[in-house]
Amino acid sequence: MRKIVFVTGNKGKFREVKDILASKGFEVVQNTDGYPELQEDTLEPIAAYGAKWASSKLGLPVIVDDSGLFINALNGFPGPYSAFVEKNLGNSRVLKVMEGETERSAVFKSVIGYCEPGGEPLTFTGTVKGNIAFEELGAGGFGYDPIFDYNGKTFGELGDEVKNKVSHRRRALDKFLEWLE
Ligand code: IMP
């Protein structure tokens, strides 16, 4: 089995990346040391900087995942501020902001950053389209999963196995694996 270090403190991200990559013959090792998160309007530079910083600090090839929920009616908010909004407002307040809004389309985006020590970082982006649900549904997944409706069910209701077949993270990892091969 090939080993890969994933620098993240997010248990949900780690569980998904571990399961997705295990099915492709990789053992994913979590490292929770963290890295400085740039404040940018897009996710790619945040993931690229984090991967380069962490690989140089650890002296190992690493992956990182920077992700976010982009709600079209809110001009892409919370996007790169998704972690801050989840921590300080949470799903119920996001649903409040969306009250009375009929345009509920949204995109989940995941950017996998990869870097080897002394090398330049690469990024692999995956997206999935859905809609903001009218209420929180399902106990599976993490973060915004209970309010992200994908073809009639939230990611929270679908659970990891189904989510991991279609998610933004899966699509970003597929691109990374294609490049690796
Ligand atoms: P960051 O990537 O650490 O900047 O944080 C992204 C934010 O989006 C966090 O609040 C995550 O919980 C949330 N998030 C990222 N990916 C997912 C997902 O697959 N489902 C639900 N929430 C997610």
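Tyr81 sits in the loop that runs between strand S4 (77-78) and helix H3 (82-88). This is a predicted model, and that stretch is a handy place to start looking around. Tyr81 belongs to a nonpolar surface patch, Phe77 and Pro78 share a cis peptide bond, and H3 turns up again as the top contributor to the lining of the largest pocket.

**The patch around Tyr81**

- Three residues make up this nonpolar surface patch, namely Phe77, Tyr81 and Phe84.
- Taken together, Phe77, Tyr81 and Phe84 show about 330 Å² of accessible area.
- Tyr81 has a relative accessibility of 37%, so it counts as partly exposed, a class that runs between the 20% and 50% cut-offs.

**The cis bond in S4**

- Have a look at the link between Phe77 and Pro78: the peptide bond there is cis, with omega at about -5°.
- Pro78 is part of strand S4, while Phe77 is also one of the patch residues.

**Two asparagines with positive phi**

- Asn75 isn't a glycine, yet its phi is positive, at about 55°.
- You'll find Asn75 in the loop between strand S3 (62-71) and S4.
- Asn75 has a relative accessible area of 79%, so it is exposed, the cut-off being over 50%.
- Asn151 is another non-glycine residue with a positive phi, again about 55°.
- The loop that holds Asn151 lies between strand S7 (148-150) and strand S8 (153-154).
- With 71% relative accessibility, Asn151 also counts as exposed.

**The largest pocket**

- A probe the size of a water molecule, rolled over the atoms, shows where empty space is left.
- The largest pocket comes out at a volume of about 780 Å³.
- Its lining takes in 35 residues, and the elements giving two or more of them are strand S1 (2-7), S3, H3 and helix H6 (168-180).
- Among those elements, H3 gives the most to the lining, with six residues.
- If you want to zoom in on the centre of the largest pocket, the lining residues nearest to it are Lys13, Glu37, Asp66, Ser67 and Ala83.
- By residue type, the lining of the largest pocket splits into 13 nonpolar, twelve polar and ten charged.

Notes:
Residues numbered from 1 in each chain as written. Predicted model: local features only at pLDDT ≥ 70, side-chain atom pairs only at ≥ 80, totals over all residues. Heavy atoms only, no water. Patch = residues over 30% accessible without salt bridge, like charges linked within 9 Å, V, L, I, M, F, W, Y side chains within 5 Å. Areas by Shrake-Rupley, 256 points an atom, 1.4 Å probe, with all protein chains shown as cover. Salt bridge = Lys/Arg side-chain N within 4 Å of Asp/Glu carboxyl O. Helix = DSSP H or I, 4+ residues; strand = E, 2+ residues; numbered from the N terminus. Buried < 20%, exposed > 50% of the residue type's maximum accessible area, 1.4 Å probe, protein only. 1 Å grid on protein atoms, 1.4 Å probe; cavity = no way out; pocket = protein on both sides within 12 Å on 5 of 7 lines; lining within 4 Å. Points joined across faces, edges and corners; volume = space filled by probe spheres on them. Nonpolar A, V, L, I, M, F, W, Y, C, P; charged D, E, K, R; others polar.
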